[in-house]
Amino acid sequence: MSLIPWLRWNEGPPRPSSRRPAEMVLDTLMMELAGQMREAERQQWERSNAVRKICTGVDYSWLASTPRPTYDLSPGERLQLEDVCAKIHPSYCGPAILRFRQLLAEQEPEVREVSQLFRSVLQEVLDRMKQEEEARKLTRQWSLRPRGNLALATFKTRARISPFTSDIRTISEDVERDTPPPLRTWSLPEFRAPKED
């Protein structure tokens, strides 16, 4: 048994990584994509083996292992995905991975569809980041806006709004003035306002 692991007490505390957070997010997201693509490829291979076993009725998997074809991203698609991943803020990296895994579990896509699904998740995250940034900007503007007293505020229009009086004559108003008020039923007393002429 070696005592070297026990003698590390005199070393300094572990230093944080010298890499930028954007690089770490990029590496994490791309590693997640690669791992999920391998897993989707494995599941696809197992499904095809199960179908072959059902069709032929014989299991020859123990006899010979065929090399599995591996699907790889094209360099252009990889660069596009890396570009989108670089725009993701570190605080959104975890939720993006969780959403990606959730969609993979729900849909069980083919290997070629995994990168498209990953791109859609990244786009959702970018849209959410944009919405939250706009909301932050609006709250910042609202909090920095000078607050004044409404009594001291000057209004551009001096017109008063009164819902019951109007200078505009309407047909219904003329009709209502000429008709006598309806008579009340016998159980209720009749109240009339004094006429002002």
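User: What is the relative accessible area of Glu-133?

Analyst: In this predicted model, Glu-133 falls in the partly exposed class, which runs from 20% to 50%. The value that places Glu-133 there is a relative accessible area of 33%.

User: Which residue forms a salt bridge with Glu-133?

Analyst: The partner lies three residues from Glu-133, about one turn along helix H4 (residues 111-144). The closest N and O atoms of the pair are 2.7 Å apart, which is inside the 4 Å limit for a salt bridge. At 40% relative accessibility the partner counts as partly exposed, and the residue in question is Arg-136.

User: Which residues are joined into one network by salt bridges that share partners?

Analyst: The pair of Glu-133 and Arg-136 sits within helix H4, and the structure holds seven salt bridges. Where salt bridges share partners, they join three residues into one network, namely Glu-39, Arg-42 and Glu-46.

User: How many residues apart in sequence are the parts tied together by the salt bridge of Glu-32 and Arg-101?

Analyst: Glu-32 and Arg-101 form a salt bridge whose closest N and O atoms are 2.8 Å apart. Because Glu-32 belongs to helix H1 (residues 21-56) and Arg-101 to helix H3 (residues 93-107), the pair ties together parts of the chain whose separation in sequence is 69 residues.

User: Is Glu-32 buried or exposed?

Analyst: Glu-32, which lies in helix H1, touches Ile-97, Phe-100 and Arg-101, leaving aside residues up to four places away in sequence. Its salt-bridge partner Arg-101 is partly exposed, with a relative accessible area of 42%. Glu-32 has 11% relative accessibility, and since the class boundary is 20%, Glu-32 counts as buried.

User: What is the N to O distance in the salt bridge of Arg-78 and Glu-82?

Analyst: Arg-78 and Glu-82 are four residues apart in helix H2 (residues 75-86), so about one helical turn separates them. Both ends are partly exposed, Arg-78 with a relative accessible area of 32% and Glu-82 at 25% relative accessibility. Their side chains meet in a salt bridge, for which the limit is 4 Å, and the N to O distance is 3.9 Å.

User: Are H2 and H4 roughly parallel or roughly antiparallel?

Analyst: The axes of H2 and H4 come within 10 Å and cross at roughly 25°. Because angles under 35 degrees count as roughly parallel, H2 and H4 are classed as roughly parallel.

User: Which residues of H4 meet H2?

Analyst: H2 passes H4 in a left-handed crossing. From H2 the contact involves Glu-77, Gln-80, Leu-81, Val-84 and Cys-85, and the residues they meet in H4 are Ser-115, Phe-118, Arg-119, Leu-122 and Leu-126.

User: How far apart in space are Gln-116 and Leu-81, C-alpha to C-alpha?

Analyst: Gln-116 is found in helix H4, and at 53% relative accessibility it counts as exposed, the boundary for that class being 50%. Leu-81 is one of the H2 residues that meet H4. Although 35 residues separate Gln-116 from Leu-81 in sequence, their C-alpha distance in space is 9.7 Å.

User: Why are H3 and H4 oblique to each other, and at what angle do they pack?

Analyst: The axes of H3 and H4 are 10 Å apart, and their crossing is right-handed. H3 contributes Pro-95, Ala-96, Arg-99, Phe-100, Leu-103, Leu-104 and Gln-107 to the contact, while H4 contributes Val-114, Leu-117, Phe-118, Val-121, Glu-124, Val-125 and Arg-128. Roughly antiparallel would need an angle over 145 degrees, and roughly perpendicular one from 65 to 115. H3 and H4 are therefore oblique to each other, given a packing angle of about 140°.

User: Among contacts in the chain between residues at least 6 apart in sequence, what percentage join residues at least 24 apart?

Analyst: The chain has five helices and zero strands, so that its elements run α-α-α-α-α from the N terminus on. Of the 197 residues, 17% count as buried. Among the contacts between residues at least 6 apart in sequence, the share joining residues at least 24 apart is 76%.

User: What share of the accessible surface of the chain belongs to carbon and sulfur atoms?

Analyst: The accessible surface of the chain comes to about 17400 Å². Of that area, the share belonging to carbon and sulfur atoms is 58%.

Notes:
Residues are numbered from 1 along each chain as its sequence is written. This is a predicted model: local features need pLDDT of at least 70, side-chain atom pairs count only at pLDDT 80 or more; totals for chains, interfaces and linings use all residues. Side-chain values use heavy atoms; hydrogens and water are left out. Helices (H or I, at least four residues) and strands (E, at least two) are DSSP runs, numbered from the N terminus. Buried means under 20% relative accessible area, exposed over 50%, partly exposed in between (1.4 Å probe, protein chains only). Contact means heavy atoms within 4.5 Å. Accessible areas come from the Shrake-Rupley method with a 1.4 Å probe; for residues, only the protein chains shown count as cover. Axes are lines fitted to C-alpha atoms, for helices over the stretch in contact, and angles run from 0 to 180 degrees between N-to-C directions. A crossing is left-handed if the near helix is turned anticlockwise from the far one by less than a right angle, and right-handed if clockwise.
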